[in-house]
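Q: Hi, can you walk me through this one? I'd like to start with any empty space inside.
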Amino acid sequence: MPVSEYIVDDREMPRFRVNRKTMTDGEVFARERELIFNHSWLYIGHETELRKPNDFKTRTVAGRPLIFAKDAKGKVRVWVNSCPHRGAMLCRESGGNARFMTCFYHGWSFSSSGDLVSVPGDDGYGPDFERPSLAAPAKVDSYRGFVFVSFDPGIVDLPTHLAGAKDLLDLVCDQSEAGMRILEGTHEYSVKANWKLLVENSVDGYHAVSTHQRYFEMMTAAHGGFAPTALGQSRGIDLGNGHVAIAGEPSTGGLFGRPLSEAGKAEKTERFDRFREKYGDAWVDRMGGARNMVIFPNLVVIDLVMGVVVRRIEPLAPDCMEVTAWHLAPPEEGEELHKQRLDNFLTFWGPGGLASPDDVEALETCQRSYAAQRELPWSDVSRGMSRSAPTGSDEFQMRTWWRRWNELITGEKLPPEEHAPLDGVHTGNRQSPDHATAQ
Amino acid sequence: MEFLRIAPEISEVASPRGVLRVAEIKLGGVPRGAVVVLCDADALEQDAPEVMNGLAEHGYESLAVDLSSPGPARDDELLRDVAALLGRLGERGWSAEQIGLVGYGFGGRVALLASAEFGLGGAVSVAPTGVEVPPIPLRAPWLGLFGDLDGNVPPQAVRELREALDSGSPVHSETVGYPGVGAGFHRDAPKVLAHAAAFDSWQRTVEWLNLRVVPAAGTRG
């Protein structure tokens, strides 16, 4: 079996180390593009971003310019944003509504179903000339509104790939009877750091209180006190196929956000009481706990119950990534709860908020310091290896993600860590399979 | 430098309530599509040549009419007039999806009504004189352009229309409000906001059609 030069997984000490070359090396970056991004399911967007037929968004996924669209009949389609004629980008807008897209270079027009509908000077082609349609990724599929593409025609189906992540997505999606929807508007920012640093950071409970001191001070001031001890009781979870999460106890969902009025609290309680009737206590107790999830390789869903951020990380270079974040919300929620969500999206997750800039600064200093990797080649990701039940403040979830990364990049399959099984709070199921609305 | 301008031909189209006097521009070769232009009341001579030549520059044949000229009519009669105009274009080989509809003022209101009636490629209403009962659901993608100072359709009415169309119509629609102008902003004027509204509204009108009217195969672009 090949032995990785990037990971040292010592179960004796125990100690887990990641070589910093993984964050800086152009060859590693090229291997990631080929071995991970060309053979994974990759999130492109949410179905609710496309509200009406012929709506579209342009996105870059694994370096490819794509058009994420609904065709005239309302079917979700994904096209390569390049004219099959000579290559110019068909659509240079970030989004809109168009039944036809006309290449500005030579004027070829394509429908939202991808068909070539007109060619200027069509008589310049012979009668047997095969008119090309738009190119598309090999696979497009969705799970509860989350749309993924894959450039690998032989990839396993999406539900199989998502494995245990499906359960956590269900916990997010079941928070609306009308269907969770992406709110209009996105946060977009770039970070001068390797993309995997943000993957780690997105499931890192350990850094929260130290890095985001200002946010927690604000919470303390707003609530007249703040006891994040419940965060320490959360669990790091292996969801299979490299997907990982930290999931909190039921009380953790109430920790975040500005305080609610009595009416706001009552509405929230009433909403969750309705869920209890529908789904049962075990599922709703679990739903009430905050969760941070990474769907391998680059999709992050953070659900603080009062606010959900969907974050896609696009690697641009070994030391640069682009981040796009959307807010997923239940449309039936009242004004105050909605306002609390929007506030949290700005003050916590926003690129000008009280938390994300801290993370960006931390990650960028990591990247800059990797210039000294000859003197300091290894990062340590060992926390919690010796604990029977790793918490969200441990680094089990990062190690799990790294083992999958390592397997795809080097072929070395490292055995999973053995820990105490998850307890009841993290394993509750919906009371009736009738409610399993997964597609 | 003199640019070529096409003088529209004047002809007649029979409608159930009488004969409609229409201006028509036919193009050679394979045009991009066809457009019915519904002029504002008594504005056929003033507006039609300019609008129709502008459309011809983008490859569209057109028919223009002032539907107020035969006298007062009910909405259903006005829609039968539109059907008759579409029939004329149909005789030239255009299907509904290959036809756009652009209406101004009085004609803008009819264009909105017609968007719910006919499966056209796209429709645009410029300063419609009324939007009192949103015709839901729309069948054709519809763009509404409004002057914020237009007393016929104040911004609040536009917002209400926008919400009604968003939730009640499966097809895409958009509204745009222009600050500092009332109705008739499609005609260029020296004041900066008026000029901006005239320029922008024409750009949006053409783009709306280009993105939605089904192009005839083999157009010259």
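**Cavities, rings and a strand**

Q: Which residues line the second largest cavity?
A: Asn54(A), Phe56(A), Ile67(A), Ala69(A), Trp79(A), Ala98(A), Met101(A), Phe110(A), Ser111(A), Ser112(A) and Leu134(A). A cavity is a set of points on a 1 Å grid over the protein atoms alone where a 1.4 Å probe fits but cannot get out, and lining residues have an atom within 4 Å of a point.

Q: Which elements give two or more of those?
A: β5 (64-70) and β9 (109-111) of chain A. Helices (H or I, at least four residues) and strands (E, at least two) are DSSP runs, numbered from the N terminus.

Q: Anything I should know about the model and the labels?
A: It's a predicted model, where local features need pLDDT of at least 70 and side-chain atom pairs need 80 or more, while totals for chains, interfaces and linings use all residues. Residues count from 1 along each chain as written, chains are lettered from A and ligands numbered from 1 in written order, and side-chain values use heavy atoms, without hydrogens and water.

Q: OK, and how much space is in that second largest cavity?
A: About 60 Å³, where volume is the space filled by probe spheres set on the grid points, joined across faces, edges and corners. The largest cavity has about 70 Å³, and there are three cavities of 30 Å³ or more.

Q: What lines the largest one?
A: Its lining includes Gln175(A), Lys268(A), Phe272(A), Glu333(A) and Arg341(A). Helices α8 (262-279) and α10 (335-349) of chain A each supply at least two lining residues.

Q: New topic: how many aromatic pairs are there?
A: 20 over all chains. Rings of Phe, Tyr and Trp (its six-membered ring) pair if their centres lie within 6.5 Å; planes under 30 degrees apart are stacked, over 60 edge-to-face, and the rest tilted. Phe296(A) and Trp401(A) form a tilted pair, 5.2 Å centre to centre with 40° between the planes.

Q: Where do those two sit in the chain?
A: Phe296(A) is in the loop between β17 (291-295) and β18 (299-303), and Trp401(A) is in helix α12 (residues 396-410), 105 residues apart. Both are buried, meaning under 20% relative accessible area with a 1.4 Å probe, protein chains only (exposed is over 50%, partly exposed in between).

Q: What about Trp402(A) and Trp405(A)?
A: They're edge-to-face, 5.1 Å centre to centre and 75° between planes. They're separated by about one helical turn because they're three residues apart in α12(A).

Q: Last one: which side chains of strand β14 of chain A are buried?
A: His187(A), Tyr189(A) and Val191(A) point to one face and are buried, while Glu188(A) and Ser190(A) point to the other and aren't.

Note on methods:
On a 1 Å grid over the protein atoms alone, a cavity is a set of points where a 1.4 Å probe fits but cannot get out, and a pocket is an open set with protein on both sides within 12 Å along at least five of seven lines; lining residues have an atom within 4 Å of a point.
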